[in-house]
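Student: I would be grateful for a close look at a single part of this molecule, namely its strands and the helices that accompany them. Please take me through it in one connected account.

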Amino acid sequence: MGKTVTAHLQTSDPFLSGLLGRDRSLLAEDMAVSQKALNSRIIGTRLLVVGAAGSIGAAVVRQLAAFAPATLHLVDLSENNLVELVRDLRSSDRSLPEDFRTFAVSFGSEEFRHLLAAEGPYDYLINFAALKHVRSERDVYSLMRMIETNAGHLYDLLTEAELAGGALPFRRAFSISTDKASHPTNAMGASKCLMERVHLCHADRLPFATARFANVAFSDGSLLQGWERRIEKRQPLAAPSDIRRYFFSHEEAGQLCLLGCFLCGNREVVFPKLTPDEDLMPLSRVAEAYLAHRGFEPLHCTSEEEARARAAELTNTSRRWPCLFTPSDTSGEKSFEEFFAPDDDLDLDRFKAVGVIRGTVAVDQGVVEHAMTALRTIRALPSWSKSDVIRALQIAVPEFVHAETDRNLDQKI
């Protein structure tokens, strides 16, 4: 039998509870009510988790172990992160299945295909493989890798299986999406929208669900984690003054994925029921709150040069920390987050804290294939153009409006 999964925010840092405005998971009641249903869906199943050692993938894996799957295979390109995840799991009181293994291979690689052939079939593909930073569209090479990671590998996997005419190596699939897939203003969001549409093209053969959610506080590469590093290194804090974001804990992100993966129907998308007026937070205000939590007052600077100069003056007794809050001027930034479009068919009654976009409309498979063919044609060229890649992406995601400012986050502190 599976164990009961706790619904408390598992953090020793009171700042997180203060930031979220809660000391227990937003999904606490939904998890308690869904415990039996999750047990019945997960116990004895064969699970393949891709991108398992990232922040969100690892949060899901830690919770999956409590539900006694028969097989739990973890795939991640980062060998070091996989090792740390295994050490964490083995050192805790979690019971792991006898068939628990990890594979340091890349999703979509030849090694991954051989893994599927040798170890499959699986009941569920749980896919967290992603390049998640808007800054990845700063150059055509990072942009192309982001599209391949977020959508291309999945497209190849499902298309090859369909052309072969045999059974798919999974019974169901779940992939992580993003709030930025709704009305995308950057290539990261558009690539995740493309991923959703790749799934839709194959939904009759492979039922799937996805999750869109907020920033996971202190996840790898997040702005909040970056602030931790800046203080450790006595460097200034920076944040856009005009950007607002929702925040989620690692545990809440994992729980949302569990509900979406195992308790939602085909073509459904889950999202947290957060409200703009109450839950959208200005990043500059969050930065000031974080400084206060660390015992500092903000020292507002007007330029990067001033911020760096003030940081060089910091001592062990300094109580004012240099920070720079400026309007966003980089490509692809969106001033606020949204999880669904006005015409989406929403189910807001199934869960207390989770909304569901029901039966996402079918897409034209020919259009998606046209976009992927255009992208692959570009990949075969001796040189690549960023504008050509964007136009190819827009074939499948025509609502993606790209505003190029010729400035990216790598050009700012």
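Tutor: In strand S6 (residues 208-211), Phe 208 and Thr 210 point one way while Ala 209 and Ala 211 point the other way, and all are buried. The model discussed here is a predicted one. The partner of S6 is strand S5 (residues 170-176), and four bridges join the two in the parallel sense. One of the residues concerned is Ala 209 of S6, the bridge partner of Phe 174.

Parallel pairing also appears in an open sheet of three strands, whose order is S8-S14-S13. Its edges are formed by strand S8 (237-240) and strand S13 (297-300), each of which pairs on one side only. From one strand to the next, the twist averages 40°. Between S8 and strand S14 (residues 320-326), which run parallel, there are four bridges. Leu 237, for instance, has Cys 323 in S14 as its bridge partner. Packed on this sheet is helix H8 (residues 223-232), which touches S8 and S14; the direction of H8 makes about 155° with that of S8. A further helix, H12 (residues 304-312), lies across S13 and S14 and runs at about 165° to S14.

Helices also pack against one another. Helix H7 (residues 187-201) meets helix H14 (residues 386-396) at an angle of about 40°, and their axes are 10 Å apart. An angle under 35 degrees would count as roughly parallel, and one of 65 to 115 as roughly perpendicular; H7 and H14 are therefore oblique to each other. Their crossing is left-handed. On the H7 side, the contact is made by Ala 187, Ala 190, Ser 191, Leu 194 and Arg 197, and on the H14 side by Ile 390, Leu 393 and Ala 396. By character, the residues of this contact between H7 and H14 comprise six nonpolar, one polar and one charged.

A single residue of another helix completes the account. Glu 251 belongs to helix H9 (residues 250-263). The relative accessible area of Glu 251 is 14%, and the limit for a buried residue is under 20%, so Glu 251 is buried. Although Glu 251 and Val 60 are 191 residues apart along the chain, their C-alpha atoms are separated by 7.9 Å.

How values were computed. Residues numbered from 1 in each chain as written. Predicted model: local features only at pLDDT ≥ 70, side-chain atom pairs only at ≥ 80, totals over all residues. Heavy atoms only, no water. Pairing = 2+ DSSP bridges. Axes fitted to C-alpha atoms, helices over the stretch in contact; angles between N-to-C directions. Contact = heavy atoms within 4.5 Å. Parallel < 35°, antiparallel > 145°, perpendicular 65-115°, else oblique. Left-handed = near helix turned anticlockwise from the far one by under 90°. Nonpolar A, V, L, I, M, F, W, Y, C, P; charged D, E, K, R; others polar. Buried < 20%, exposed > 50% of the residue type's maximum accessible area, 1.4 Å probe, protein only.
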